[in-house]
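Welcome! Take a moment to look over the sequence and turn the structure around on your screen before reading on.

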Amino acid sequence: MDLFKAVNIDKLSYALDVTSYKNKVISENIANVDTPFYKAKKLDFKDAMQDVMGTGKKLPLKVTNKYHISGSSENFSVSNYVKYQNNMSVRNDGNDVNLDYEMSELAANGILFNMLSQITGYEFTRLKTSIQGR
């Protein structure tokens, strides 16, 4: 039995990667708030996690031979979920970055990252307690 699979450490790790990458996307939008013709991007946490959890639009690959490509979460790339925001109003200079929206997204993403890191720490504490037999 793989101990780390039992407590979903791999999914928590991927969720932390998604929030970290989302922070990078939001930071790029904020950095380019005055760049003419810059189009804001977004990363939807829910879409990125649904495919890893097996509830998304992608069908999981069935592996019947050791030479088949696995359908594991290691094949997912977070950058595949970055899209342009199409519902934002465009200013006269062609830029559609809304600084208030980006700052609220940055704060919400920070709260999510802190929550996920606390859950991950709690899971490691449980593993340590189980290994030590207390």
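This report walks through a helix, a core, some charged pairs and a few single residues.

**A helix to start with**

Please keep in mind that this is a predicted model. A good place to begin is helix α4, which covers residues 99-132. Helix α4 has 34 residues and reaches 49 Å from its first C-alpha to its last, close to the 50 Å expected at 1.5 Å a residue. At its N-terminal end sits a cap: a side-chain oxygen of Asn98 lies 3.1 Å from the backbone nitrogen of Asp100. Just past the other end of the helix, Gly133 has a positive phi of about 75 degrees. Which residues of α4 are buried? They are Glu102, Asn109, Leu116, Thr120, Glu123 and Leu127.

**The nonpolar core**

One of those names, Leu116, also turns up in the largest nonpolar core, which has 12 residues. Alongside Leu116, this core includes Leu12, Tyr14, Ala15, Leu16 and Val18, as well as Leu43, Met49 and Tyr81. Two elements, α2 and α3 (45-53), give two or more residues to the core. The most comes from α2, with five residues.

**Charged partners**

Side chains of opposite charge can pair when their charged atoms come close. How many salt bridges does the structure hold? There are four, and the table shows three examples.

| Acidic residue | Basic residue | Closest N and O atoms |
|---|---|---|
| Glu105 | Lys22 | 3.4 Å |
| Asp93 | Arg91 | 3.3 Å |
| Glu123 | Arg126 | 3.6 Å |

Take the pair of Glu105 and Lys22. Glu105 lies in helix α4 and Lys22 in helix α2, so this salt bridge ties together parts that are 83 residues apart in sequence. Glu105 is partly exposed, at 22% relative accessibility, whereas Lys22 is buried, at 14%. The dividing value here is 20%, because buried means under 20% relative accessible area.

Now look at Glu123 and Arg126, which are three residues apart in helix α4 and therefore separated by about one helical turn. An α-helix has 3.6 residues a turn, so residues three or four places apart point the same way. Glu123 counts as buried at 13% relative accessibility, while Arg126 is partly exposed at 40%.

In the pair of Asp93 and Arg91, Asp93 has a relative accessible area of 27% and is partly exposed. Arg91 is partly exposed too, at 34%.

**Asn29, a polar residue inside**

Is Asn29 buried or exposed? Asn29 is buried, with a relative accessible area of 0%. This residue belongs to helix α2, which runs over residues 9-31. Its side chain makes a polar contact with the side chain of Tyr38, at 3.0 Å. Setting aside neighbours within four places in sequence, the residues in contact with Asn29 are Tyr38, Ala40, Lys41, Gln85, Val97 and Glu102. Glu102 has appeared before, among the buried residues of α4.

**Phe37, out in a loop**

Finally, find Phe37 in the loop between α2 and β1 (41-43). Phe37 is exposed, with a relative accessible area of 66%. What makes its backbone worth a look? Most residues other than glycine have a negative phi. Phe37 is not a glycine, yet its phi is positive, near 65 degrees.

Methods: Residues are numbered from 1 along each chain as its sequence is written. This is a predicted model: local features need pLDDT of at least 70, side-chain atom pairs count only at pLDDT 80 or more; totals for chains, interfaces and linings use all residues. Side-chain values use heavy atoms; hydrogens and water are left out. Helices (H or I, at least four residues) and strands (E, at least two) are DSSP runs, numbered from the N terminus. Buried means under 20% relative accessible area, exposed over 50%, partly exposed in between (1.4 Å probe, protein chains only). A polar contact is a pair of N or O atoms within 3.5 Å; within protein, one must be able to donate a hydrogen and the other to accept it, and residues adjacent in sequence count only if both atoms are side-chain atoms. Contact means heavy atoms within 4.5 Å. A salt bridge is a side-chain nitrogen of Lys or Arg within 4 Å of a carboxyl oxygen of Asp or Glu. The expected span of a helix is 1.5 Å times one less than its number of residues. A nonpolar core is a set of buried Ala, Val, Leu, Ile, Met, Phe, Trp, Tyr and Cys residues joined through side-chain atoms within 4.5 Å.
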